[in-house]
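Reader: I'd like to go through this one by asking what stands behind each label. Can we start with the terms and then look at the contacts?

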Amino acid sequence: MIEPFVDAAWVRANPGVILADTRCYLDGRSTREAYDAGHLPGAVYVDLDGYLAAEPSLAEGRHPLPTPEAFAAGLSAAGIGDGATVVAYDDAGGVMAARLVWLLRALGESAALLDGPLGPLDETGTVVPAPATFTPRPWPAGRLASIDEAAAGAVPVIDARPAERFRGENETVDPRAGHIPGAVSVPCRENVSDGALLPRATLRARFEQAGLRPGEDFIAYCGSGVTACHDLLSSEHAGFPGGRLYPGSWSQYAATDRPAATGA
């Protein structure tokens, strides 16, 4: 298993790597059009909404996990097969592409986020992927947390959303504002500065302050189970492996009558 973050030099030194363009926009822009207009040379297109999530619902949230069969079919179509090494990127510091990387790593596959500035997205059109087969397999229960486990507070729970959404000050997406009582705010976008991941020691201090301890269980969530994957990858890089994803995240929790907290 490779490290959860690699840089462009690592990619150049490993020519068999599959680059995956996993951009995702919440404002209605087409990711396919963005990919066709310009992507890193050789990168294949991976549609987050199409391959990495099931249909949204109040019961399961805005980005439920895809079925293993849908995930496998999407990756196969993108030229990603069993045993491939995948390096994913987006244009948001990796917080969207982290979903693909975390899902692959949870299944024991070799995947990482591209760390550092993207460089020019100067290849246009669609890269035709080589034929590949990704075998469907169940999502490992030990890497996931339920809404009951996230609400119980038995282990540290970190919230990857921007701090103002955690505090309940600016909620425009989900049914209610606030956060799961007892959760600690660790905004995933603050894991990155100027397009590069923060130094390992800085990340370690950041997650220690949130209550994480090496070798101990914790749960990460966000708005819909996508950007929380960046906190999971960053914490693993900093020495806190084994965190679990709450896939429904705030979009599921906020649609219930469970208590919500606001403020810092």
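Author: Sure, and keep in mind that this is a predicted model. First a term: a polar contact is a pair of N or O atoms within 3.5 Å, where one must be able to donate a hydrogen and the other to accept it. By that rule, 7 residue pairs are in polar contact across the interface of domain 1 and domain 2, both residues being at pLDDT 80 or more.

Reader: Which helix gives the most to the side of domain 1 that touches domain 2?

Author: That's helix α5, residues 98-106, with 6 residues. By class, this side of domain 1 has 12 nonpolar, 4 polar and 4 charged residues.

Reader: What makes Arg105 and Glu236 a salt bridge?

Author: The cut-off is 4 Å between a side-chain nitrogen of Lys or Arg and a carboxyl oxygen of Asp or Glu. In Arg105 and Glu236 the closest N and O atoms are 2.7 Å apart, so the pair qualifies as a salt bridge. Between domain 1 and domain 2 the count is 2 salt bridges, while a search of the whole structure finds 16.

Reader: And what makes Arg137 and Glu109 a pair that links distant parts of the chain?

Author: Their closest N and O atoms are 2.8 Å apart, and they form a salt bridge. Yet the two residues are 28 apart along the chain: Arg137 is in the loop between β5 (110-114) and α6 (147-152), and Glu109 is in the loop between α5 and β5.

Reader: Where are the two domains, and how much area do they bury between them?

Author: Domain 1 covers 5-114 and domain 2 covers 141-255. Their C-alpha centres lie 20 Å apart, and the contact takes 20 residues from domain 1 and 28 residues from domain 2. Between them they bury about 2,000 Å², 67% of it on carbon and sulfur atoms. On the domain 1 side, Phe5, Arg62 and Trp102 lose the most area to domain 2, together 37% of what that side buries.

Reader: Why is the protein called as compact as a globular protein of its length?

Author: There are 10 helices and 11 strands in the protein. Its radius of gyration is 17 Å, close to the 18 Å that the globule rule gives for 264 residues, so the protein is as compact as a globular protein of that length. The C-alpha atoms fill a box of roughly 50 × 40 × 30 Å along the principal axes.

Conventions: Residues are numbered from 1 along each chain as its sequence is written. This is a predicted model: local features need pLDDT of at least 70, side-chain atom pairs count only at pLDDT 80 or more; totals for chains, interfaces and linings use all residues. Side-chain values use heavy atoms; hydrogens and water are left out. Domain bounds come from an automatic or database domain assignment. Contact means heavy atoms within 4.5 Å. Buried area is the accessible area (1.4 Å probe) that two parts lose on being put together, summed over both. A polar contact is a pair of N or O atoms within 3.5 Å; within protein, one must be able to donate a hydrogen and the other to accept it, and residues adjacent in sequence count only if both atoms are side-chain atoms. Helices (H or I, at least four residues) and strands (E, at least two) are DSSP runs, numbered from the N terminus. Ala, Val, Leu, Ile, Met, Phe, Trp, Tyr, Cys and Pro count as nonpolar, Asp, Glu, Lys and Arg as charged, and the others, Gly among them, as polar. The radius of gyration is taken over C-alpha atoms; the globule rule is 2.2 Å times the number of residues to the power 0.38.
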